[in-house]
Amino acid sequence: MTAVPQERRLVTAIPGPKSQELQARRSAAVAAGVGSVLPVFAARAAGGIVEDVDGNRLIDFGSGIAVTSVGSSAEAVVRRASAQLSDFTHTCFMVTPYEGYVAVAEALAEVTPGDHAKKSALFNSGAEAVENAVKIARSYTKRQAVVVFDHGYHGRTNLTMALTAKNMPYKNGFGPFAPEIYRVPVAYGYRWPTGPENCGPEAAAQAVDQISKQIGAENVAALVIEPVLGEGGFIEPAKGFLPALRKFATENGIVFVADEIQSGFCRTGQWFACEDEGIVPDLITTAKGIAGGLPLAAVTGRAEIMDAAHSGGLGGTYGGNPVACAGALGAIETMKEQDLAARARRIEEVMKGRLAAMQEKFEIIGDVRGRGAMLAVELVEDREGKEPNAAATAALAKACHNAGLLVLTCGTYGNVLRFLPPLVIGEDLLEEGLDILEEAFTQL
Ligand code: PLZ
């Protein structure tokens, strides 16, 4: 691990002068459409700290959007990727294959849910994995329709924009979108009209009814869902929703795809979030946490489905790059050796207690939710009306940033503060981050 002291330190305003200089260069050279949460330029990062070019050290509650679960410079990731870098950087798996790719596929078969025969294909980004899951499901079922859910997020390529629910900023002006995509309700307990207790079964019944009546189950190739919805607001589908859909998919020959790109790899206190309700997906898409920050993504699933695409039908120049594969083997090794799933459960214990206490104190916290180290608070104008409070969310994020705590927002209504600390963060940093958050609520 890079030797970055594991303590918060502010030596300039945020952003500092060097970051501001770089931001000016960036504005002149980088396309305006590419945003940044916080224009602080990183110099080094490790454990629970991101150090910027001005020497400020920020507590990291973002993990680069759920990527650096093992830390941003985990020893095993750096060691294995460095060794691979000096052996060779690339041959292209479609030209001359190499062992790392196969080893990652073997590891994925081992850690993903279900004890059926599994195979994998590797790609570069989450969106690419989701696209390929759809290609594979269509090839296997010989059907075209794909069902997705309200508040779902699956990427920014053309097909995955179509799969993504939210218009701004992901889709606006970028159409036309891919056809044969259908969106149905999801079990969003906090905002379900008849209350969270009824939400799971009722939402499942609505989803199944819409699929049956509007598409026809026999036309559906795949149903794609995040077991905990990420960008849409850290929504845990109410109990019973996922099992009902899993059952419906099985009964109708529909490929059930769990998009665990954000929720996977120990993030929610298990290897994968769908394990919490005993769901075994047919295909699972992974990325982000898989390789400790190196670009890698995968589709893993039932061997007979994964083998449906014709030879040469799947691939890409860089998919399963050897350096990224070495990083993945290092990340998976770290998760096992340090039992990071248990760390995620401990983070939940510490954070949920504090967040629940804040909810008692601050009227604008409508909901506290999430699992493991994938936690969030949903902010409202008042608890009765539940009107989304995006302004307070932005103000709180800014206050945290200024105090040296890196937090992210999300949600269809932009009113969710989300917390995704690296699973290796020290408990003192976790507590200090929560102190900063609480102080920001007090000041608001
Ligand atoms: N599926 C569930 O969370 C990526 C998006 C950040 P890529 N989420 C972060 C942004 O604004 O672009 C994500 C996800 C789920 C798919 C993806 C897409 O993964 O690696 O960003 O393509």
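**Close-up views of a predicted model**

**View 1. The small pairing of β14 and β15.** Strand β14 and strand β15 (residues 416-419) pair in the antiparallel sense, with three bridges between them. Within this pair, Cys410 stands opposite Val416 in β15. Strands here are DSSP runs of E with at least two residues, helices are runs of H or I with at least four residues, and both are numbered from the N terminus. Two strands count as paired if DSSP finds at least two bridges between them. A word on the model itself: it is predicted, so local features need pLDDT of at least 70 and side-chain atom pairs count only at pLDDT 80 or more, while totals for chains, interfaces and linings use all residues. Residues are numbered from 1 along each chain as its sequence is written, and side-chain values use heavy atoms, with hydrogens and water left out.

**View 2. The four-stranded sheet and helix α11.** Stepping back from that pair, you find an open antiparallel sheet of four strands in the order β11-β12-β15-β14. Its edges are β11 (365-371) and β14 (408-410), each with a single partner strand, so one side of each has no neighbour in the sheet. From one strand to the next the twist averages 25 degrees. Helix α11 (residues 340-361) lies across β11, β12 (374-379) and β15, at about 170 degrees to β11. For such angles, axes are lines fitted to C-alpha atoms, for helices over the stretch in contact, and values run from 0 to 180 degrees between N-to-C directions. Contact means heavy atoms within 4.5 Å.

**View 3. The seven-stranded sheet.** Seven strands make an open sheet with mixed pairing, in the order β4-β10-β9-β8-β7-β5-β6. At its edges, β4 (118-123) and β6 (181-184) each pair on one side only. The twist averages 20 degrees from one strand to the next. Helix α7 (residues 196-215) packs on this sheet and touches β5 (145-149), β6 and β7 (220-225), with its direction at about 145 degrees to that of β6. Elsewhere in the sheet, β8 (residues 255-259) and β9 (residues 283-286) are parallel and share three bridges; Ala258 stands opposite Ile284 in β9.

**View 4. The ligand and its shell.** Of the 15 residues around the ligand, those that come nearest are Gly126, Ala127, Arg156, Asp259 and Gln262; a residue counts as near if one of its heavy atoms lies within 4 Å. A polar backbone atom of Ala127 is 2.8 Å from a ligand oxygen atom. Ligand nitrogen atoms also have side-chain partners: an N or O atom of Lys288 is 3.1 Å from one, and an N or O atom of Glu231 is 3.4 Å from one. The ligand exposes 510 Å² when taken alone, and the protein buries 82% of that (Shrake-Rupley method, 1.4 Å probe).

**View 5. Hairpin and backbone details.** Strands β1 (residues 42-46) and β2 (residues 49-52) run antiparallel and are joined by four bridges, with Ala46 opposite Ile49 in β2. Two residues lie between the strands of this hairpin, where Gly47 takes a positive phi near 55 degrees. Most residues other than glycine have a negative phi, and most peptide bonds are trans. Lys142, not a glycine, nonetheless has a positive phi of about 55 degrees; Lys142 sits in the loop between α5 (126-141) and β5. Cis peptide bonds join Ile14 to Pro15, with omega about -5 degrees, and Gly175 to Pro176, with omega about 5 degrees. Pro15 is in the segment before α1 (17-29), whereas Pro176 is in the loop between α6 (158-163) and β6.

Technical notes. A polar contact is a pair of N or O atoms within 3.5 Å; within protein, one must be able to donate a hydrogen and the other to accept it, and residues adjacent in sequence count only if both atoms are side-chain atoms.
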